[in-house]
Amino acid sequence: MKNIAALQKVVTGTLPDIEPTPAELDAIDIEMPLILAEVELLDAQIITLDRTPNELDTRRIRRARRKVLAARRAVGNQHARTAGGAA
């Protein structure tokens with residue numbers, strides 16, 4: 001049997017500095033409201049997995065969906081503004 005332990009250093013090597021760049025951090029900041037809205041929608045959907053949704057659950061999911069759509073629109077508009085300003 002061939003020992004591959006010596007080859008592992010070659011395979012993995014040393015990892016470069018993998019911290020996010022300032023541009024990546026800015027992109028995360030722009031998309032954070034969308035991420036939080038999607039988490040809120042997911043939470044509302046998880047609540048209803050083990051039971052029949054009541055009126056309050058239905059309203060909570062509907063409100064969370066509207067929030068996700070509004071956040072997507074805002075992120076899309078933000079990307080359009082930055083792309084339009086850069087061109």
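The legends below describe close-up views of a predicted model, beginning with the whole chain and moving on to its core, its surface and its charged pairs. In this predicted model, local features need pLDDT of at least 70 and side-chain atom pairs count only at pLDDT 80 or more, whereas totals for chains, interfaces and linings use all residues. Residues are numbered from 1 along each chain as its sequence is written, and side-chain values use heavy atoms, with hydrogens and water left out.

**View 1. The chain as a whole is built from three helices and zero strands.** Read along the sequence, the pattern is α-α-α, where helices (H or I, at least four residues) and strands (E, at least two) are DSSP runs numbered from the N terminus. Of the 87 residues in the chain, 13% are buried; here buried means under 20% relative accessible area, exposed means over 50%, and partly exposed lies in between, with a 1.4 Å probe and protein chains only. The accessible surface comes to about 7300 Å², and carbon and sulfur atoms hold 61% of that surface; such areas come from the Shrake-Rupley method with a 1.4 Å probe, and for residues only the protein chains shown count as cover. Among contacts in the chain with a separation of 6 or more, 60% are between residues 24 or more positions apart, a contact being heavy atoms within 4.5 Å.

**View 2. The largest nonpolar core holds nine residues.** Its members are Leu34, Ala37, Leu41, Ala44, Ile61, Ala64, Val68, Ala71 and Val75, a nonpolar core being a set of buried Ala, Val, Leu, Ile, Met, Phe, Trp, Tyr and Cys residues joined through side-chain atoms within 4.5 Å. Helices α2 (22-47) and α3 (55-86) each supply at least two residues of this core, and the largest share, five residues, comes from α3. One core member, Ala44, touches Arg60 and Ile61 when residues up to four places away in sequence are not counted. Leu42, which is placed in helix α2, is partly exposed with a relative accessible area of 46%, and its C-alpha atom is separated by 8.6 Å from that of Ala64, although the two residues are 22 apart along the chain.

**View 3. A nonpolar patch of about 480 Å² lies on the surface.** The patch is made by Leu25, Ile28, Met32, Ile35, Leu36 and Val39. Patches are made of residues with over 30% relative accessible area and no salt bridge, where like charges are joined within 9 Å and nonpolar side chains (Val, Leu, Ile, Met, Phe, Trp, Tyr) within 5 Å. One of the patch residues, Leu36, has its place in helix α2 and counts as exposed because its relative accessibility is 52%.

**View 4. Asp57 and Thr48 are in contact with each other.** Asp57, found in helix α3, counts as buried at 2% relative accessibility. Leaving aside neighbours within four places in sequence, Asp57 is in contact with Ile47, Thr48, Arg51 and Thr52. The side chain of Asp57 also makes a polar contact with the side chain of Arg60 at 3.2 Å; a polar contact is a pair of N or O atoms within 3.5 Å, of which, within protein, one must be able to donate a hydrogen and the other to accept it, and residues adjacent in sequence count only if both atoms are side-chain atoms. Thr48 sits in the loop between α2 and α3 and, at 14% relative accessibility, counts as buried. The side chain of Thr48 reaches the backbone oxygen of Gln45 at 2.9 Å, and beyond its neighbours within four places in sequence Thr48 is in contact with Pro53, Asp57 and Ile61.

**View 5. Salt bridges, of which the whole structure has five, include pairs between helices α2 and α3.** A salt bridge is a side-chain nitrogen of Lys or Arg within 4 Å of a carboxyl oxygen of Asp or Glu. Arg72 forms a salt bridge with Glu38, the closest N and O atoms being 3.5 Å apart, and the pair links Arg72 in helix α3 to Glu38 in helix α2, 34 residues away. Arg72 is partly exposed at 45%, as is Glu38 at 33%. Glu40 and Lys67 meet through their side chains in a salt bridge of 2.8 Å, N to O; Glu40 lies in helix α2 and Lys67 in helix α3, so this pair ties together parts that are 27 residues apart in sequence.

**View 6. Arg51, Asp57 and Arg60 are joined into one network by salt bridges that share partners.** The side chains of Arg51 and Asp57 meet at 2.9 Å, N to O. Arg51 is partly exposed, with a relative accessible area of 41%.
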